[in-house]
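Hello,

Here is the structure I promised to pass on. Have a look at it first, and then read my notes underneath.

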Amino acid sequence: MRRRGTPARRTGAAGAALALCSAGVLLGVAATPAQAAQVSFATHCVPPAGIDPVDGTTKVEITAPATAKVGDTVDIVWKFVQAASKNPNIIDLPANSVQPSGVLKAAGAQTADIALQGPRQNPAIPKGGDMVLSDMKGSLKLTAPGEVTLTPDAYTVNAMSTDTKCTPKETVQKAATIQVAPGGGGTPSGTPTRSTTPTQSTTPTRSSTPTSTPTATGGTGQSDFPGKEVQVPYACKTPIGDKNATSPVQINAKKNNGSYDLTVQFKKSVMNSPADIPKDSVKPSMEVALGGADKGTVHVEGPTNANPIKSGEPIEIPDLTGTYKPGASGTSTLSPGVLTIKALGTTTTCTPTKSEVSLTLDTTQQPGGASGGTSTSGGSSSSGGSSGSSSGAGGLAETGSGDHGALKALGLVAGTAILLGGAVFTFMPKRRTR
């Protein structure tokens, strides 16, 4: 007599056994995955000049494999649970304008400084709001068997071309441990592996030395008078502090009856924008300083940006234009003067610390001319003479730093700086055909 139900019982037992085996397999797979551990440490952060240092607490979560073997290259993730500093209470930071980078210390079986970096990816951060930082990633090639510990160290928060540097104020606890088994493909045991530093941009080339200062001489019928490109040292006052920089500038003139139409150009190549810039948000102007026979200043200005500029796109500064009506007869000089940049409700004013003559003209006094009456206040008169000496023309702003790699200037770059609250947004001029 056939016993009913036996096949079902056998099937159920087999299914249970299979389920248990599957669970065992899953458990076995889950035993050696990436591990995540959170640590916190007291941190001292130094924002850009003009903003007070900040002491706070950093909380991070480090993810790394629990086990590996010699010769493996393991991926490591640094997740910010909490950054030590907040956005200064100056201006809102736009989306995708903040980028973190940092160092993770490896110790134990091998030692290494592991460089990590996150993408420039963040939501809009309001004034005084918590800094929301992207996950940083890096990798380490394992070279020796044993236990390798991973400990967070210093990190940098870059917000629209300015750096806030944060360093631990106490001994930081290890955040993860990798058990490294012997294996092939590694370097000899005990040889430390240090990560390479990120590649920095090359130093821009500089144009050749400019020719002597052009002079408009009477009686030749000449109407266009190109100036000499000069290096102008600026002292800039911004809402977040004072900055010094040197920029290449050229003043050109076109005769228009007894007056001259002026065009002031800022030289050299464009720079990509580190953040989105709204339409009609940036307005540059300058007071061209007069010297020699004439005195006073001539106001020139450029248009606001006609279109929004997306993050990563080139930024161009327009020509600054105005009209010079001579106030005296004789030899008059024109030099770059006080530069003003207005952007998003802020103003940066840069004053030359040394007069550099860009253009010399033989002028004839016009009614209501510059000398003695209609010049714009705020600019200092340049000294007389037909020309001014000039160092090598072109290039990026020189801030005195010995680092010719990444752009770290907080002030003028090629003559201009846009201040966006706690971050100075460097501005480069458009490309020109010589």
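**What I found**

Ile76 is a good place to start: leaving aside neighbours within four places in sequence, Ile76 is in contact (heavy atoms within 4.5 Å) with Ile62, Thr63, Ala64, Leu104, Ile114, Leu116, Met136, Lys137, Gly138, Leu140 and Leu150. Please keep in mind that this is a predicted model, in which local features need pLDDT of at least 70 and side-chain atom pairs count only at pLDDT 80 or more, while totals for chains, interfaces and linings use all residues. Residues are numbered from 1 along each chain as its sequence is written, and side-chain values use heavy atoms, with hydrogens and water left out.

Next, the cores. A nonpolar core here is a set of buried Ala, Val, Leu, Ile, Met, Phe, Trp, Tyr and Cys residues joined through side-chain atoms within 4.5 Å; buried means under 20% relative accessible area, with a 1.4 Å probe and protein chains only. The largest one has 39 residues, and Ile76 is among the members that touch the most others, as are Ile62, Trp78 and Ile114. A second, separate core of 27 residues includes Met286, Val300, Tyr324 and Ile341.

There are also two disulfides, meaning pairs of cysteine sulfur atoms within 2.5 Å. Cys45 and Cys166 form one, with their sulfur atoms 2.2 Å apart. Cys45 is buried at 0% relative accessible area, and Cys166 is buried too, at 1%. Cys236 is joined to Cys350, with 2.1 Å from S to S, and both of these cysteines are buried. The link of Cys236 and Cys350 is right-handed, with 115° about the S-S bond.

Best wishes

Technical notes: Buried means under 20% relative accessible area, exposed over 50%, partly exposed in between (1.4 Å probe, protein chains only).
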